[in-house]
Amino acid sequence: MTVPDRMTYIAATAAGGPEVLQPAAGPLPPPKPDEGLIRVQAAGVNRPDVSQRQGSYPPPPGASPIIGLEVAGTVAAAGAEVRQYRVGDQVCALTNGGGYAEYCVAPQAQTLPWPRGYDAIRAAALPETFFTVWANLFMLGRLTRGESALIHGGSSGIGVTAIQLGKEFGATVYATAGSDEKVAACVKLGAEAAINYRTADFAEEIKRLTGGRGVDVVLDMVGAAYFERNLRSLKLDGRLVLIAFLGGSKLEKFDLTPIMTKRLSVAGSTMRPRTTAQKGAIAAELRARVWPVLDAGRCAPVIHQVFPLAEAAAAHALMESSAHIGKIMLRVT
């Protein structure tokens, strides 16, 4: 495969609104020994991308300053230690940055094959949400068959994935969303019930829906604004897993008693700062347990809209509007 010397990518010209995202040109990133160089065909747009553009989520040391955490495309070159794939293979990857570009590098441990029948858009929609949901709902939250879960933001990329995988692996799933249209979408995806958080108290609704028992796991990206109601929504020995703080990170005058009396566990995690080995462990579980489900045609990502790479600013504006259901994608080549 012929690899050019330069590529087009999306640069954040300053910290600010979507308008700071502009096409630029520069050299290709050289792959390290354990990395592959991917000719990117599609990239996903995610909430952390918005935070990075705003200046509140800087890339970790050594990562590309270019925004973008998930891609799909064709392997264009491989480092000396890469054994899992070859030049020409179709792959998707959880990147450490650099996804909004014609070429991107990713460690082989964070790279997976396209599921059977997938195109680049659908394959690129997988890594960020599937890594996040598997690591937090199943590994950290320990959700198992026969249990129940409440998924906040049920119509987001994370929410759609969590609803589908929760049901696929035998759990009863409830969700919250911000409109009746989104509530209906959550139910269609497999939620037992969904709650419009703008018109109802989700904690009271979960109490009603579960006969007063509550759920085993809550997956939350809102944070402080939901914390007390999350604890009320959990049953005895329940687990709250925090993955973002869209509703703030600081609590005031909070009564911790329910954590003790209900034997609750509160945990949280981020994905990007994890080591390659830690992300690779998640990828290995996904390949063994989730990729066969995708190969069989189940739990596919929901694609809301696809933008050309040059229109990344418009994609970010849509992400910030929260008007979408599922994934927002960039078509690169």
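What share of the contacts in the protein between residues at least 6 apart in sequence join residues at least 24 apart? It's 67%. Keep that in mind while I walk you through the rest. One caveat up front: this is a predicted model.

Okay, the overall picture. We've got 10 helices and 15 strands in this protein. The radius of gyration comes out at 20 Å, close to the 20 Å that the globule rule gives for 333 residues, so the protein is as compact as a globular protein of that length. If you lay the C-alpha trace along its principal axes, you get spans of about 60 × 40 × 35 Å.

What about inside versus outside? Of the 333 residues, 53% are buried. The protein exposes about 14,100 Å², and carbon and sulfur atoms supply 52% of that. On charges, there are 34 positive and 29 negative ones, and their mean positions sit 3 Å apart.

Now let's zoom in on some strands. Start with β4, residues 70-78. Here 7 of the 9 residues are buried, so β4 is largely enclosed by the rest of the structure. On one side of the pairing story there's β3, residues 35-45, joined to β4 by 7 bridges, and the two run antiparallel. Then there's β5, residues 90-94, with 5 bridges to β4, and that pair is antiparallel too. If you want a residue to click on, try Thr74 in β4. Arg39 stands opposite Thr74, and in β5 the bridge partner of Thr74 is Gln90.

Next stop, β8 and β9. How do these two run, parallel or antiparallel? They run parallel, with 4 bridges joining them. To see the register, find Leu150, which stands opposite Tyr174 in β9. As for burial, β9 covers residues 172-177, and 5 of the 6 residues are buried, so that strand is largely enclosed by the rest of the structure.

Just ahead of β8 there's a loop I'd like to show you. It connects α3 (127-140) to β8 (148-151), and Thr144 is in it. Thr144 is partly exposed, at a relative accessible area of 42%. Which residues does Thr144 touch, leaving out those up to four places away in sequence? Phe169 and Ala171. For a sense of distance, compare Thr144 with Ala323: the two are 179 residues apart in sequence, and C-alpha to C-alpha they are 32 Å apart in space.

Last bit, and this one is about backbone angles. Most residues other than glycine have a negative phi. So where do we find positive ones here? Lys253 is one of them: its phi is about 50°, and it is not a glycine. Lys253 lies in the loop between β12 (234-242) and α8 (257-261). Is Lys253 buried or exposed? Exposed, with a relative accessible area of 86%.

Then go past α8 and look at Arg263. Its phi is near 55°, again a positive value in a residue other than glycine. Arg263 is in the loop between α8 and β13 (265-268), and with a relative accessible area of 48% it is partly exposed. That puts Lys253 in the loop leading into α8 and Arg263 in the loop leading out of α8.

That's the tour. Happy to rotate the model while you ask things.

Terms used
Residues numbered from 1 in each chain as written. Predicted model: local features only at pLDDT ≥ 70, side-chain atom pairs only at ≥ 80, totals over all residues. Heavy atoms only, no water. Rg over C-alpha atoms; globule rule 2.2 N^0.38 Å. Buried < 20%, exposed > 50% of the residue type's maximum accessible area, 1.4 Å probe, protein only. Contact = heavy atoms within 4.5 Å. Areas by Shrake-Rupley, 256 points an atom, 1.4 Å probe, with all protein chains shown as cover. Lys, Arg positive; Asp, Glu negative; His and termini not counted. Charge placed at Lys NZ, Arg CZ, Asp CG, Glu CD. Pairing = 2+ DSSP bridges.
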